[in-house]
Structure formats: structure tokens, C-alpha cells
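Grab a pencil and work through these exercises with the structure open beside you. Try each task before you read its solution.

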Amino acid sequence: MAAAALLRSAVSCRGGAAWGLRLSPDPRRRFTHGAGRPGGDNASSRTWTCFPLAERAVLRVRGTDSSSFLSGLLTNELPPPGPGYGSAPPPTRAIYAHFLNVQGRTLYDVILYRFPTAGVEAAPGFFLECDISVADALHKHLLFYRIRRKVEVEACPELGVWAVLPSTPSAQETQPLQEKTEGSAILVADPRTACMGWRLLSPRESLALHLVPNGQHGDLRDYHRHRYQQGVPEGVQDLPPGGALPLESNLDFMNGVSFSKGCYIGQELTARTHHMGVIRKRLFPVQLCGPLPAAGIASGASVLTKSGKAAGKFRASEGDLGLALLYTEKITGPLHIKTSDHGHVSLTANVPDWWPKATK
């Protein structure tokens with residue numbers, strides 16, 4: 001129960017101190033696997049790596065009632081409009097949040113962008129970035145709860161989503177990025193954690209690379225490996241709709257939930273779990289050791305202790321790095337997964353160094 005006690009009353013903290021167990025490698029590593037463009041400059045001269053995320057989609061929500069509408073569905077506070085400068089529109093702001101079902105389980109994880117609107121009287125507008133496989137389902141979910149509100153919901157297939165990560169440890173010092181909008185393109189810091197870099201919405205590749213000076217293309221596998229190394233879930237593979245609990249999925253660590261906002265669908269279980277102060281399982285980054293099955297490891301495979309007792313469930317991976325939902329008191333011992341050919345794969349759970357420092 002000692003490990004469980006460490007998890008009580010953890011307070012979300014961007015860039016917080018380490019927990020003091022096993023730490024992940026430096027998140028500021030360089031991305032060199034498949035980086036660079038054909039005929040382009042050498043990867044060593046590039047400061048930022050841009051990953052086009054074809055598995056992400058964008059919906060637009062706008063209208064007079066859009067703020068109150070989304071507030072009643074999302075786990076987090078909406079970003080404030082913010083002050084403008086002279087005749088310029090206010091800056092773009094982003095948050096991370098989940099849509100929950102009435103039982104308090106995650107349906108869709110999203111990054112919400114409040115896009116600038118000119119004029120005090122302008123109706124607020126938002127972009128919702130989600131897993132492309134559930135974009136239609138999320139669209140229907142929004143229309144179902146819209147009822148008679150003055151809200152418009154539409155798909156934005158013209159907008160592409162990019163993740164932007166530093167290619168060198170000193171990227172933000174030598175070639176700093178700043179939140180900006182240019183036409184319909186938006187560049188913002190990833191709201192989940194500083195180690196996830198930046199997020200970019202852009203209708204064209206050329207404009208995306210223009211907004212990121214000294215940037216290069218990256219291999220999508222590197223992005224997912226970085227995500228898994230840092231323990232950041234994204235999409236339905238990591239967060240099965242209706243099967244994942246938000247606090248077990250570290251929504252509180254990723255700045256994705258407000259415990260002081262008004263009511264939203266699914267709030268009761270999330271609030272009760274938070275105020276009880278005990279979360280027995282969490283989604284941990286894991287490293288797989290030994291030969292992996294050719295077909296990979298199935299999502300939901302049982303993770304076992306050395307004695308064969310249940311320690312949790314495997315979620316997803318890219319190569320030898322992945323995520324598993326584990327009982328916190330069992331993460332320090334030897335763990336393994338049985339494979340279909342009667343073998344087993346060992347795994348080691350890590351505690352990312354950006355997680356908040358817990359108090360007993």
C-alpha cells in the first residue's frame with residue numbers, strides 16, 4: 001500500500017518534480033529516425049521536428065452558445081478569450097480535455113483550440129482535435145446534445161494536425177517558437193505537458209513548415225515512441241471509448257480536468273474519485289524486453305507479477321515502448337505478459353519525470 005499512498009492527493013503540475021521511483025530517459029532526445037526531407041539539409045542542422053498526424057481530425061464548433069455548450073460536456077475549463085492588442089484578435093489558446101459518458105468513462109480525448117475572432121460582439125469559435133476514427137461519432141455526440149442552442153458543428157477536412165518536437169535539447173533557446181496564428185493556421189504549446197512540445201493546425205504543408213523555422217519532417221513512429229516514453233495517451237487505441245477512466249488515464253496530470261468548474265456529463269464519478277484521494281491504477285509507460293511476437297501484443301493482454309498475480313492490462317505500443325494500466329503498488333516488481341506461443345515478454349514500468357511530486 002506504500003505506492004498507493006504516494007498517489008494520494010497528487011496535484012497537477014506542469015513540469016513538476018520526479019516521483020523518485022524509476023525515471024524515464026531524457027525527453028529532450030533528438031529525433032533522427034527517418035528525419036529530414038529527400039534532398040534537404042542534414043538533420044543535424046534542424047532545430048525542430050514536425051510530425052504530420054494523419055490519424056487526427058478537426059471539428060469546428062462555433063456560435064453564440066458554443067462556450068456554455070462545450071463547458072457542459074468537457075472535463076476542463078474552456079480557455080478564456082484573452083485580451084487583444086489594438087485591432088488584432090486575441091491570441092489562440094488551447095486546453096486538453098475528455099468527453100465522458102454518463103458513467104464517467106472517457107469517450108473521446110481532445111485538444112480544444114479557441115481560435116481568434118475579431119470584434120467584441122463576435123461569437124466564440126473552437127476547433128476540436130480528435131482521433132480520426134471517432135470524428136463522426138464525436139460529431140453526432142455534439143449534435144445530440146446541442147438541442148436548441150445556437151451552435152454550429154462541422155468537420156474541417158482541410159485542416160491538418162502536426163506535432164512539433166525539439167530536435168535538440170536547446171531548441172527553445174536557440175530557435176524559440178511562439179504561439180501564433182497566420183490565416184487559418186494555428187501554432188500553440190501542447191497543453192498536456194511541456195515535454196510534448198507544440199501543436200500545429202495548418203491547411204497546407206508549406207504553411208506548416210513556414211510557421212516552424214528551421215523545421216524538418218519526422219517519422220511518425222518516432223512521435224509515438226516519444227509519446228509512449230513520456231506516458232502520454234492519445235486516441236482510441238490508448239483510451240478505449242467507454243473503457244478508460246479519466247483519472248486512471250492521468251487526466252489530472254495532463255492539465256485535462258478542473259475540479260472547480262460547473263457541472264458536466266460524467267462529473268460525479270471523477271469528482272468523487274478525486275476527493276477520496278485514492279487511485280489504485282494508473283496508465284504507466286512501459287518498456288518491453290525480449291523478442292516480441294510477430295503480431296505484437298494484443299490490447300487488453302493481462303500483465304502479471306512474477307508469482308502470476310494480476311498487475312494490470314496492456315494497452316498499446318510502438319516497438320518496445322508502450323502503455324499499460326497497472327496497479328500502482330505492483331509497478332516496482334518484475335512484470336511479464338504471456339504470449340500466444342506459450343512464451344512471455346518482460347516489461348518494466350517507468351514513472352515519467354514530468355509527473356507531479358506526490359505527497360503522502
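## Exercise 1: Two cores

In this predicted model, the largest nonpolar core has 55 residues, and Phe-127, Val-303 and Leu-326 have the most contacts inside it.

**Task.** Find out which element gives the largest share of this core, then look at what Leu-326 touches.

**Solution.**
- Step 1: Strand 15 supplies the largest share of this core, with five residues.
- Step 2: Now click on Leu-326. Leaving out residues up to four places away in sequence, Leu-326 touches several residues, including Phe-284, Val-286, Val-303, Ala-311 and Leu-335.
- Step 3: Apart from this core there is another one, of 25 residues, with Ala-57, Leu-112, Leu-128 and Cys-130 among them.
- Step 4: A general idea helps here: nonpolar side chains tend to be buried together in soluble globular proteins.

## Exercise 2: Strand 15 and its partners

**Task.** Work out how many bridges join strand 12 to strand 15, and how many pair strand 14 with strand 15.

**Solution.**
- Step 1: Strand 12 and strand 15 run antiparallel and are joined by seven bridges. To spot one, look at Lys-281, whose bridge partner in strand 15 is Tyr-327.
- Step 2: Strand 14 also pairs with strand 15 in the antiparallel sense, over six bridges. Here, Phe-314 has Ala-324 of strand 15 as its bridge partner.
- Step 3: Check the turn. The hairpin of strand 14 and strand 15 has two residues between the strands, and Gly-319 takes a positive phi near 70 degrees there.
- Step 4: Finally, see how covered strand 15 is: six of its seven residues are buried.

## Exercise 3: An open sheet

**Task.** Put the five strands of the open sheet in order, and say which strands stand at the edges.

**Solution.**
- Step 1: Reading across, the order is 3-4-5-2-6, with antiparallel pairing.
- Step 2: Strand 3 (93-100) and strand 6 (152-155) each have a single partner strand, so they stand at the edges, with one side of each lacking a neighbour in the sheet.
- Step 3: From one strand to the next, the twist averages 25 degrees.
- Step 4: Zoom in on one pair. Strand 2 (residues 56-62) and strand 6 are paired over four antiparallel bridges, and Leu-59 has Ala-155 in strand 6 as its bridge partner.
- Step 5: Now add the helix. Helix 3 (residues 135-146) packs on the sheet and touches strands 2, 3, 4, 5 and 6, with a direction at about 20 degrees to that of strand 2.

## Exercise 4: Helix 6 and a loop residue

**Task.** Decide whether helix 6 is mostly covered or mostly uncovered, and whether Met-196 is buried or exposed.

**Solution.**
- Step 1: Helix 6 (residues 220-229) is mostly covered, as seven of its 10 residues are buried. Tyr-223, His-226 and Arg-227 are among them.
- Step 2: The buried residues of helix 6 pack against several strands, including strand 1, strand 7, strand 14 and strand 15.
- Step 3: Look at the ends. At the N-terminal end, Asp-219 is the cap, with a side-chain oxygen 2.8 Å from the backbone nitrogen of Arg-221. Just after the helix, Gly-231 has a positive phi of about 75 degrees.
- Step 4: Move to Met-196, in the loop between strand 9 (185-189) and strand 10 (198-202). Buried means under 20% relative accessible area; Met-196 has 0%, so Met-196 is buried.
- Step 5: Who surrounds Met-196? Beyond its neighbours within four places in sequence, its contacts include Val-164, Leu-165, Tyr-223, His-226 and Arg-227.

Note on methods: Residues are numbered from 1 along each chain as its sequence is written. This is a predicted model: local features need pLDDT of at least 70, side-chain atom pairs count only at pLDDT 80 or more; totals for chains, interfaces and linings use all residues. Side-chain values use heavy atoms; hydrogens and water are left out. Buried means under 20% relative accessible area, exposed over 50%, partly exposed in between (1.4 Å probe, protein chains only). Contact means heavy atoms within 4.5 Å. A polar contact is a pair of N or O atoms within 3.5 Å; within protein, one must be able to donate a hydrogen and the other to accept it, and residues adjacent in sequence count only if both atoms are side-chain atoms. Two strands pair if DSSP finds at least two bridges between them. Axes are lines fitted to C-alpha atoms, for helices over the stretch in contact, and angles run from 0 to 180 degrees between N-to-C directions. A nonpolar core is a set of buried Ala, Val, Leu, Ile, Met, Phe, Trp, Tyr and Cys residues joined through side-chain atoms within 4.5 Å.
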